[in-house]
Amino acid sequence: MKELPMRFVRILHAVDLIERNKHITLSEIAEELGMDKRYFTRFFKKNMGISTGEFKRVAQTLPEQERAARMLAQAE
């Protein structure tokens, strides 16, 4: 099995943090990932194609199955 590039690991971790904790701040996520908040927001948008704020709103309103399907579609 191939290892995922570190950027995908970080994105998956960020997505997990956002989905599990609706009150988590961008600063807390960035710190967890070892990044500066500004860099994290650019990194997230570049890799996900959506801003952190938009993703947070979508992730917290969709049922769990729809979130998983959306993540898979964006990862392709």
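Here are some notes on this chain, which is a predicted model.

1. **Overall layout.** Start with the fold, which is easy to follow: the chain has five helices and zero strands. Reading from the N terminus, that gives α-α-α-α-α. If you are finding your way around, helix α1 covers residues 6–20, helix α3 covers residues 37–48, and helix α4 covers residues 52–61.

2. **Inside and outside.** How much of the chain is buried? Of its 76 residues, 29% are. The accessible surface is about 5,700 Å², and carbon and sulfur atoms account for 52% of that.

3. **Contacts along the sequence.** Take the contacts between residues at least 6 apart in sequence: 50% of them join residues at least 24 apart.

4. **A lysine worth a look.** K56 sits in helix α4, and it is buried without having a salt bridge. Which side chain of opposite charge is nearest to K56? That is E28, 7.1 Å away. A salt bridge needs the nitrogen and the carboxyl oxygen within 4 Å, so E28 at 7.1 Å does not give K56 one.

5. **What K56 does reach.** The side chain of K56 comes to 2.4 Å from the backbone oxygen of I24. I24 also turns up among the residues K56 touches, along with I18, K22 and T25, once residues up to four places away in sequence are set aside. When you look at K56 in the viewer, bring up these four neighbours as well.

6. **The aromatic rings.** There are three aromatic pairs in the structure. One of them is F40 with F44, a tilted pair with 5.8 Å from centre to centre and 55° between the planes. Both residues belong to helix α3 and are four residues apart, about one turn of the helix. F40 and F44 are both buried. Ring pairs also bring in F55, making a cluster of F40, F44 and F55.

7. **The salt bridge.** How many salt bridges does the count give? One. D16 forms a salt bridge with R20, and their closest N and O atoms are 2.9 Å apart. Both lie in helix α1, four residues apart, or about one turn of the helix.

8. **Where that bridge sits.** Is R20 buried or exposed? R20 is exposed, with a relative accessible area of 60%. D16 has 32% relative accessibility, so D16 counts as partly exposed. For contrast, go back to K56, which is buried and has no salt bridge.

Technical notes: Residues are numbered from 1 along each chain as its sequence is written. This is a predicted model: local features need pLDDT of at least 70, side-chain atom pairs count only at pLDDT 80 or more; totals for chains, interfaces and linings use all residues. Side-chain values use heavy atoms; hydrogens and water are left out. Helices (H or I, at least four residues) and strands (E, at least two) are DSSP runs, numbered from the N terminus. Buried means under 20% relative accessible area, exposed over 50%, partly exposed in between (1.4 Å probe, protein chains only). Contact means heavy atoms within 4.5 Å. Accessible areas come from the Shrake-Rupley method with a 1.4 Å probe; for residues, only the protein chains shown count as cover. Lys and Arg count as positive and Asp and Glu as negative; His and the chain ends are not counted. A polar contact is a pair of N or O atoms within 3.5 Å; within protein, one must be able to donate a hydrogen and the other to accept it, and residues adjacent in sequence count only if both atoms are side-chain atoms. Rings of Phe, Tyr and Trp (its six-membered ring) pair if their centres lie within 6.5 Å; planes under 30 degrees apart count as stacked, over 60 as edge-to-face and the rest as tilted.
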